[in-house]
Amino acid sequence: PDGAWFIDLTPIREEALVVDEAARVLGVAEEPGRPLLQTLGAHLKAKRLLLVLDNCEQVIHAAAELVGAILRAAPQARVIASSRESLRVPGEQVYPILPLPLPRKDDSLETLAKSTAVRLFVDRAQAHKPAFALTEKEAPAVAELVARLEGIPLALELAAARVKLLSVADINARLKDR
C-alpha cells in the first residue's frame, strides 16, 4: 500500500553512504541531533512497503545494518536484497540463483531456442536491439557464448547489453582475450 522503492547500491563504495542513499530514495531528510538511520526507521514505522536493495555485496555490512534496522522499526516493511552473499539478518530467506542449464554446441536451432539460458540471452538482447534474432547463422555463436558464460544469468544479461554495439561473435572474441 505504501509503494515499492528501488535502492541501487551499485555506485556506493563507502559503507557510510548506504543509509544516506536509502534516505535519499525514500525522501527522508536528516533531523538535527538524531542519527539518520533512526529517522529513517521512524519514517517507515507504520508503512507497508517493499524495498529492493540491489547490489549489496560491496557494502554488505552497512546493507545488513540498514535492513536489520528497518525490519525492527517497521515490521510491515518487506525487503528484497540482491547480493553475492547473505546479509545474515534475522528472518532472512536466501534464494540462490544458480547457473542455467547449458545447451550443447551442436544442438539444433530448435533445441537451442528451447534452452533457458539461450532464451534469457535472446530476450535480453532483443531488449537492447529489437532486431536481434536467434538464426541458424547466429546459433553456434550464441551457444558458444552461453557456454563460455557458464549459464550465469547476470553474465548473460551483461553480454546481451553488448549486442547493441557488437555481434555475438565479436563478444565471444573479446571474452577469449581477457
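**Figure 1. Strands β1 and β2 pair in the parallel sense, joined over five bridges.** In this predicted model, one of the residue pairings between the two strands places I7 opposite its bridge partner L53, which belongs to β2. As background to this view, the strands of a sheet pair through backbone hydrogen bonds, in either a parallel or an antiparallel arrangement.

**Figure 2. Strand β2, residues 50-54, is also joined to strand β3, residues 78-81, and these two strands run parallel with four bridges between them.** Within this pairing, V52 has I80 of β3 as its bridge partner. Between the two strands the chain passes through helix α3, residues 60-73, and the resulting β-α-β crossover from β2 to β3 is right-handed.

**Figure 3. The three strands form an open sheet in the order β1-β2-β3, with parallel pairing.** The edges of the sheet are formed by β1, residues 4-8, and by β3, each of which pairs on one side only. From one strand to the next, the twist averages 15°.

**Figure 4. Helix α1, residues 18-26, lies across β1 and β2 and runs at about 145° to β1.** The buried residues in this helix are V18, V19, E21, A22, A23 and L26. These buried residues of α1 pack against the strands β1 and β2, and also against the helices α2, residues 36-44, and α3. Just after α1 comes G27, which takes a positive phi of about 75°. For reading such a view, it helps to recall that an α-helix has 3.6 residues a turn, so residues three or four places apart point the same way.

**Figure 5. F121 and F132 are the two members of an aromatic pair, and one such pair is counted in the model.** The arrangement of F121 and F132 is edge-to-face, with 5.9 Å from centre to centre and 85° between the planes. The pair links distant parts of the chain, since F121 belongs to helix α5, residues 116-128, while F132, eleven residues apart from F121, is in the loop between α5 and α6, residues 139-148. F121 is buried, with a relative accessible area of 0%. F132 also counts as buried, at 9% relative accessibility.

**Figure 6. S115 is shown in the loop that lies between helix α4, residues 109-114, and helix α5.** The relative accessible area of S115 is 11%, and S115 is therefore buried, the limit being under 20%. When the neighbours within four places in sequence are left aside, S115 is in contact with two prolines, P101 and P103.

**Figure 7. E144 is a residue of helix α6, shown here with its contacts.** Although E144 is a glutamate, its relative accessibility is 18%, and E144 counts as buried because the limit is under 20%. Not counting residues up to four places away in sequence, E144 touches K105, N172 and K176.

**Figure 8. E150 is placed in the loop between α6 and α7, the latter spanning residues 153-161.** The residues that E150 touches, apart from those up to four places away in sequence, are P99, L100 and L102. For one of these, L102, the separation from E150 is 48 residues in sequence and 7.2 Å in space, taken from C-alpha to C-alpha.

**Figure 9. The whole chain is given for orientation, with eight helices and three strands.** Read from the N terminus on, the elements of the protein chain follow the order β-α-α-β-α-β-α-α-α-α-α. The C-alpha trace spans about 65 × 30 × 30 Å along its principal axes. The radius of gyration of the protein chain is 21 Å, whereas a compact globule of 178 residues would have a value near 16 Å. Of the 178 residues in the protein chain, 36% are buried. Among the contacts in the protein chain with a separation of 6 or more, 65% are made by residues 24 or more positions apart.

Notes
Residues numbered from 1 in each chain as written. Predicted model: local features only at pLDDT ≥ 70, side-chain atom pairs only at ≥ 80, totals over all residues. Heavy atoms only, no water. Phe/Tyr/Trp six-rings, centres within 6.5 Å; stacked < 30°, edge-to-face > 60°. Buried < 20%, exposed > 50% of the residue type's maximum accessible area, 1.4 Å probe, protein only. Pairing = 2+ DSSP bridges. Right-handed = clockwise from strand over helix to strand, strands pointing away. Axes fitted to C-alpha atoms, helices over the stretch in contact; angles between N-to-C directions. Contact = heavy atoms within 4.5 Å. Rg over C-alpha atoms; globule rule 2.2 N^0.38 Å.
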